[in-house]
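Open the model in your viewer and keep the sequence panel visible. This tour goes from one selection to the next and says what is found at each stop.

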Amino acid sequence: GGGGGGGGAGGPGLDARACAAYFGEEGARRLLEAPCSGTLEVGLVRGASAALETFSTYPLRLMFPGSLARGTDTVWCHALSYGGGLCAGDQVALRVSVEAGATLALSTVGANKVFKSTDGSEPTFQGLSASVGPGALLAVLPQHTSCFKGASYLQHQVLNVARGGSVAYVDWLSAGRQHGRGENWDFERFESRALFQLGGAP
């Protein structure tokens with residue numbers, strides 16, 4: 001990762017009461033208090049979108065494939081996990097800011113794999129808090145989530161969009177490792193929620 005970092009997952013404009021009302025007390029606590037695994041700030045430099053600040057730490061890694069962005073006014077970022085997937089009890093929190101007029105595409109290289117939970121472990125958690133400025137675009141375009149047999153996974157995301165800002169959002173799930181393993185919705189728990197706030201109002 002690059003410079004910056006530290007603190008909790010709560011990003012700019014994150015409304016604790018709105019989070020509690022939507023995600024419940026436990027979900028809001030995870031989103032607000034999980035140690036920050038990564039930050040990414042995108043803005044305009046000489047009129048073009050650029051990554052102004054980046055930071056990531058285990059189990060999260062941020063990569064910027066220049067070939068995808070070539071010829072476009074877009075910052076492309078791949079969010080990866082070390083070891084090819086999320087292990088039991090991993091707590092991942094990413095904070096993103098897209099400033100006025102800038103464009104960010106946030107994706108993954110492959111499936112978001114969630115490995116089997118272990119006895120006594122916390123649910124694997126992945127959180128995103130993002131702010132999108134006026135005239136900015138955030139495209140959240142991950143590959144599908146694949147929860148392995150016995151996995152327990154929570155995903156909570158808050159996107160605070162200023163008036164005039166735009167978001168393209170994809171969230172999809174597979175039944176598990178069907179080919180070769182025969183898994184068919186054999187995970188223990190899956191929860192994915194996204195709260196969209198327009199100008200601070202859900």
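A residue is called exposed when its relative accessible area is over 50%, buried when that area is under 20%, and partly exposed in between. The model shown is a predicted one.

**Stop 1: the turn between E1 and E2**

Select Arg-46, which sits in the loop between E1 and E2. Its relative accessible area is 85%, so Arg-46 counts as exposed. Now look at the backbone: the phi of Arg-46 is near 55°, a positive value in a residue other than glycine. Most residues other than glycine have a negative phi, and most peptide bonds are trans.

Extend the selection to the two strands on either side. E1 and strand E2 (residues 48–56) run antiparallel and are joined by 8 bridges. Together they form a hairpin with 2 residues between the strands. To see one of the facing pairs, pick Gly-38, which stands opposite Ser-56 in E2.

**Stop 2: a cis peptide bond**

Move on to Pro-59, in the loop between E2 and E3. The peptide bond that leads from Tyr-58 to Pro-59 is cis, and its omega is near 10°.

**Stop 3: the nonpolar cores**

In soluble globular proteins, nonpolar side chains tend to be buried together. Select Leu-40, Leu-62, Leu-94, Val-96, Val-98, Leu-104 and Leu-138: within the largest nonpolar core, which has 28 residues, these touch the most other members. Strands that give two or more residues to this core include E1 (38–45), E3 (60–63), E4 (75–81), E6 (103–107) and E8 (124–132). The greatest contribution, 4 residues, comes from E5.

Which residues does Leu-94 contact, leaving aside its neighbours within four places in sequence? They are Gly-38, Thr-39, Leu-60, Leu-62, Leu-106, Gly-127, Leu-128 and Ser-129. Another core, of 12 residues, lies apart from the largest one; Ala-18, Cys-19, Ala-93 and Leu-154 are among its members.

**Stop 4: a network of charges on helix H1**

Side chains of opposite charge can pair when their charged atoms come close. The structure holds 5 salt bridges. For one of them, select Glu-26 and Arg-30, whose side chains meet at 3.0 Å, N to O. Both residues belong to helix H1 (residues 16–33), where they are 4 residues apart, about one turn of the helix.

Are these two residues buried or exposed? Arg-30 has 5% relative accessibility and therefore counts as buried. Glu-26 has a relative accessible area of 37%, so it is partly exposed.

Keep Arg-30 selected and add Glu-122. These two form a salt bridge as well, with their closest N and O atoms 2.8 Å apart. This pair links distant parts of the chain, since Arg-30 is in helix H1 while Glu-122 is in the loop between strand E7 (112–114) and E8, 92 residues apart. Glu-122 is partly exposed, with a relative accessible area of 44%. Through shared partners, salt bridges join Glu-26, Arg-30 and Glu-122 into one network.

**Stop 5: Gln-157 and its surroundings**

Select Gln-157, in strand E11. Its relative accessible area is 9%, which means that Gln-157 is buried. Measure from its C-alpha to that of Ser-192: the two are 8.2 Å apart in space and 35 residues apart in sequence. Apart from neighbours within four places in sequence, Gln-157 is in contact with Phe-23, Leu-128, Tyr-169, Arg-193, Ala-194 and Leu-195.

From that list, choose Arg-193, which forms a salt bridge with Glu-191; the closest N and O atoms are 3.7 Å apart. At 33% relative accessibility, Arg-193 counts as partly exposed.

**Stop 6: a second positive phi**

Go to Trp-185, in the loop between E13 and strand E14 (189–198). Trp-185 is not a glycine, yet its phi is positive, about 60°. Its relative accessible area is 47%, so Trp-185 is partly exposed.

**Stop 7: a nonpolar patch on the surface**

Finish by showing the surface and selecting Leu-141, Val-170 and Trp-172. These residues make a nonpolar surface patch of about 240 Å². Val-170 lies in the loop between strand E12 (166–169) and strand E13 (173–174). With a relative accessible area of 34%, Val-170 is partly exposed.

Methods:
Residues numbered from 1 in each chain as written. Predicted model: local features only at pLDDT ≥ 70, side-chain atom pairs only at ≥ 80, totals over all residues. Heavy atoms only, no water. Patch = residues over 30% accessible without salt bridge, like charges linked within 9 Å, V, L, I, M, F, W, Y side chains within 5 Å. Areas by Shrake-Rupley, 256 points an atom, 1.4 Å probe, with all protein chains shown as cover. Salt bridge = Lys/Arg side-chain N within 4 Å of Asp/Glu carboxyl O. Buried < 20%, exposed > 50% of the residue type's maximum accessible area, 1.4 Å probe, protein only. Core = buried A, V, L, I, M, F, W, Y, C linked by side-chain atoms within 4.5 Å. Contact = heavy atoms within 4.5 Å. Pairing = 2+ DSSP bridges.
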